[in-house]
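Trainee: I keep meeting words for folds and packing, and I'd like to know what earns each label. Can we go through one model together?

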Amino acid sequence: MQEHDYYSDEYIRGILSSVKTIALTGASPNEMRPSFSVMRFLLSQGYHVIPVNPGQAGKTILGQLVYARLANIPVPIDMVDVFRNSFAVPGVVDEALALEPLPRVIWMQLGVWDEAAARKAEAAGIKVVMNRCPAIEIPRLGMRV
């Protein structure tokens with residue numbers, strides 16, 4: 001099991017360089033929301049970002065069709081980026097664990113943390129990152145994705 005108080009640069013780089021399709025739960029069409037700017041950044045880096053937000057399902061955010069739930073996404077997901085409050089994480093992890101194939105990574109944004117949900121995901125073979133932002137990590141690591 002991964003220690004969640006510290007992540008090596010190699011661990012983070014390995015994840016960010018291997019994933020291509022990211023489901024962003026909690027995506028918002030509001031340009032002032034952090035999820036919007038992170039989604040824009042990830043798209044600019046060449047990731048395929050799929051927004052997930054039940055209230056916006058069927059609409060588009062940054063030109064990408066929004067889905068209500070992870071299960072509605074018609075393509076395999078490499079990483080689930082959780083832009084929800086920590087209390088929502090167990091439900092997101094359960095949704096991710098019901099997918100076929102399983103995502104390889106569950107990434108929880110800054111301030112988002114759930115140790116029990118992380119352990120459950122890891123027990124299924126999914127890598128977990130908590131309390132980090134890929135839009136901070138990519139430039140910090142000098143990555144070109």
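Mentor: Sure. Let's begin with a term: contact means heavy atoms within 4.5 Å. Keep in mind that this is a predicted model.

Trainee: Then what do the buried residues of helix 3 pack against?

Mentor: By that contact rule, they pack against strand 1 (21-25), strand 5 (79-82), strand 6 (105-108) and helix 4 (115-123).

Trainee: Which residues of helix 3 are buried?

Mentor: In helix 3 (residues 89-97), they are Val89, Val92, Val93 and Ala96. Buried means under 20% relative accessible area.

Trainee: What puts them on the same side of helix 3?

Mentor: Their arc around the axis is only 100 degrees, which puts them on the same side of helix 3. There's a general idea behind this: an α-helix has 3.6 residues a turn, so residues three or four places apart point the same way.

Trainee: On to the sheet. In what order do its strands come?

Mentor: Five strands make up an open sheet, in the order 2-1-5-6-7, with parallel pairing.

Trainee: Why do strand 2 and strand 7 stand at the edges?

Mentor: Strand 2 (48-52) and strand 7 (127-129) each have a single partner strand, so one side of each has no neighbour in the sheet. As for the turn between neighbouring strands, it is 20 degrees on average, direction ignored.

Trainee: How do you know that strand 6 and strand 7 pair?

Mentor: Two strands pair if there are at least two bridges between them. Strand 6 and strand 7 have three bridges, in the parallel sense, so they pass the test. One of the residues to look at is Ile106, whose bridge partner in strand 7 is Val128.

Trainee: And how many bridges join strand 1 to strand 5?

Mentor: Four, and the two strands run parallel. Find Leu24 there: its bridge partner in strand 5 is Asp81. Strand 5 and strand 6 also pair in the parallel sense, over four bridges, and Val80 stands opposite Ile106 in strand 6.

Trainee: What makes the crossover from strand 5 to strand 6 right-handed?

Mentor: You look with the strands pointing away from you, and a path that runs clockwise from the first strand over the helix to the second counts as right-handed. Here the chain goes from strand 5 through helix 3 to strand 6, and this β-α-β crossover is right-handed.

Trainee: How do you know that both faces of strand 5 are covered?

Mentor: Check each side in turn. Met79 and Asp81 are on one side, Val80 and Val82 on the other, and all are buried.

Trainee: How many residues of strand 1 are buried?

Mentor: Five of its five. Thr21, Ala23 and Thr25 point one way, while Ile22 and Leu24 point the other way. Strand 1 is also joined to strand 2 by five bridges, and they run parallel.

Trainee: Last one: why is the pair of Tyr7 and Tyr11 called stacked?

Mentor: Ring centres must lie within 6.5 Å to pair, and planes under 30 degrees apart count as stacked. Tyr7 and Tyr11 have 5.7 Å centre to centre and 10 degrees between the planes, so the aromatic pair is stacked. A search of the whole structure finds one aromatic pair, and Tyr7 and Tyr11 are both buried.

Note on methods. Residues are numbered from 1 along each chain as its sequence is written. This is a predicted model: local features need pLDDT of at least 70, side-chain atom pairs count only at pLDDT 80 or more; totals for chains, interfaces and linings use all residues. Side-chain values use heavy atoms; hydrogens and water are left out. Buried means under 20% relative accessible area, exposed over 50%, partly exposed in between (1.4 Å probe, protein chains only). The arc is that of the directions from the helix axis to the C-beta atoms. Rings of Phe, Tyr and Trp (its six-membered ring) pair if their centres lie within 6.5 Å; planes under 30 degrees apart count as stacked, over 60 as edge-to-face and the rest as tilted. Axes are lines fitted to C-alpha atoms, for helices over the stretch in contact, and angles run from 0 to 180 degrees between N-to-C directions.
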